[in-house]
Amino acid sequence: MSVGGVSLGFNPYGSSSYSYGRGNTLGSYGNNSMLNSDDWTNSANAEAEKLKENLGISDTTSTNKTGSTNKTSSTGTTGTTKTYASASSVSGFLMGYQNVLKELETSSAKLTGSKANNVFQSYDAALKKYDGSEASAKALSKAEDDVVASMKDFVGKLNNALSYLKANAGLGSGVTSQADSLKRSIPSEKTLAQLGISYNSEGNLVFNEEEFREKLQNDPEEVKGLVGGQYGMAERVGSKATYVLDSSVDRIVGKEEASKASSSTSGSSASSAFSGSKSVMSDSFLQFASFARGGAYNLSNYYAVSMLNILV
């Protein structure tokens, strides 16, 4: 390695030296093979696919004619939902379940009245300031759009969690119990109808944006109570997600499956399912898994930076 054109003769990966300076490119690597960006990308894609396979996550999403990843029907949209395959192991299931629960928890918090900076708080403020002026009307419209968008996202994240559990039901009876418990957090169809939400033929929640917006405009207090109140939909679902994130492995997948998960992680504690207490996966691995979800671009840069550190 060199600065200003001076070569470094040591090469830990082969006999070829490296030359780096003005007008020069990085020379050869290994057995005289040139570094190729395509090779990095292909390698990164392969690693990303392995990780997704372990998580049981598929990139296949339903698209409509506009190219949107929102799954639509004649009555509304299910939100941005993902298609999941069964995880290859209990540990893989737990890591994937952690991801969908964290997303659901975050989405719920935006609609929960007891949480700071929730969208209903902003909507109430804009409603009180509305005086018929153009500026106040614009602010109210923006606040209303934020509520609608948050509700749409929430329905999509809830569908994701239920779909993930359904795809992994074969891992144990505990997984099915998790799905049943989450479904009990969802209000009755009659209550859902008041929020412009229904079920489609596949059992997914369908959100009708126009119906919800109309209800919000006509009776904002009722909508706020049904969604973000003490016993509202977002409050109940979010609390359930938080509870599971703090639960033990055997409570989630059953004692037998928890024992398998513990033994497969070289003696790691299985007393708690997710990071934040005693995770069955190391924090560093979970961090990398989250980072790698960004796809080949992130992984390519990860490998490239690692190689540059070796060469410096």
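In which helix does L165 lie? L165 lies in helix α4, and the views below place this residue among its surroundings.

The model is predicted, so local features need pLDDT of at least 70 and side-chain atom pairs count only at pLDDT 80 or more, while totals for chains, interfaces and linings use all residues. Residues are numbered from 1 along each chain as its sequence is written, and side-chain values use heavy atoms, with hydrogens and water left out.

**Figure 1. Overview of the protein chain.** The protein chain contains 13 helices and eight strands; helices (H or I, at least four residues) and strands (E, at least two) are DSSP runs, numbered from the N terminus. Of its 312 residues, 42% count as buried, where buried means under 20% relative accessible area, exposed over 50%, and partly exposed in between (1.4 Å probe, protein chains only). Among contacts with a separation of 6 or more, 61% are accounted for by residues 24 or more positions apart; contact means heavy atoms within 4.5 Å. The exposed area of the protein chain is about 16,700 Å², and carbon and sulfur atoms supply 50% of it. Accessible areas come from the Shrake-Rupley method with a 1.4 Å probe, and for residues only the protein chains shown count as cover.

**Figure 2. The largest nonpolar core.** A nonpolar core is a set of buried Ala, Val, Leu, Ile, Met, Phe, Trp, Tyr and Cys residues joined through side-chain atoms within 4.5 Å. The largest one has 49 residues, and F93, M151 and F212 have the most contacts inside it. Helix α4 (residues 134-167) gives the most to this core, with twelve residues.

**Figure 3. Surroundings of L165 in helix α4.** At 1% relative accessibility, L165 of helix α4 counts as buried. Apart from neighbours within four places in sequence, L165 is in contact with F93, Y97, V175, Q178, A179 and L182. L165 and Q178 are 13 residues apart along the chain, and their C-alpha atoms are separated by 7.4 Å.

**Figure 4. Aromatic pairs around Y97.** A pair of aromatic rings is described by the distance of the centres and the angle of the planes. Rings of Phe, Tyr and Trp (its six-membered ring) pair if their centres lie within 6.5 Å; planes under 30 degrees apart count as stacked, over 60 as edge-to-face and the rest as tilted. The structure holds five aromatic pairs. One of them joins F93 and Y97, which are stacked at 5.3 Å centre to centre with 25 degrees between the planes. These two residues stand four residues apart in helix α2 (residues 90-109), so about one helical turn separates them. Both F93 and Y97 are buried. Y97 also pairs with Y164, again stacked, at 6.3 Å centre to centre and 15 degrees between the planes. This pair links distant parts of the chain, with Y97 in helix α2 and Y164 in helix α4, 67 residues apart. The relative accessible area is 1% for Y97 and 0% for Y164. Ring pairs link Y84, F93, Y97 and Y164 into a cluster.

**Figure 5. S107 in helix α2.** S107 is found in helix α2 and counts as buried, at 2% relative accessibility. Leaving aside neighbours within four places in sequence, S107 is in contact with S150, D153, F154 and K157.

**Figure 6. Helix α3 and the loop before it.** N117 lies in the loop between α2 and α3. Although N117 is not a glycine, this residue has a positive phi of about 60 degrees; N117 is exposed, with a relative accessible area of 70%. N118 caps the N-terminal end of α3, with a side-chain oxygen 3.1 Å from the backbone nitrogen of F120. Within helix α3 (residues 119-129), the buried residues are V119, F120, Y123, D124 and A126. Seen down the axis of α3, these residues fall within an arc of 165 degrees, so they line one face of the helix; the arc is that of the directions from the helix axis to the C-beta atoms. The buried residues of α3 pack against α4, α7 (209-218) and α8 (220-228). Exposed residues K128 and K129 are carried on the face of α3 turned away from its buried side.

**Figure 7. T191 and L226.** T191 lies in helix α6 (residues 189-193) and counts as buried, at 19% relative accessibility. T191 and L226 are 35 residues apart in sequence and 7.8 Å apart in space, C-alpha to C-alpha.

Notes. Polar contact = N/O pair within 3.5 Å; in protein donor to acceptor, adjacent residues only side chain to side chain.
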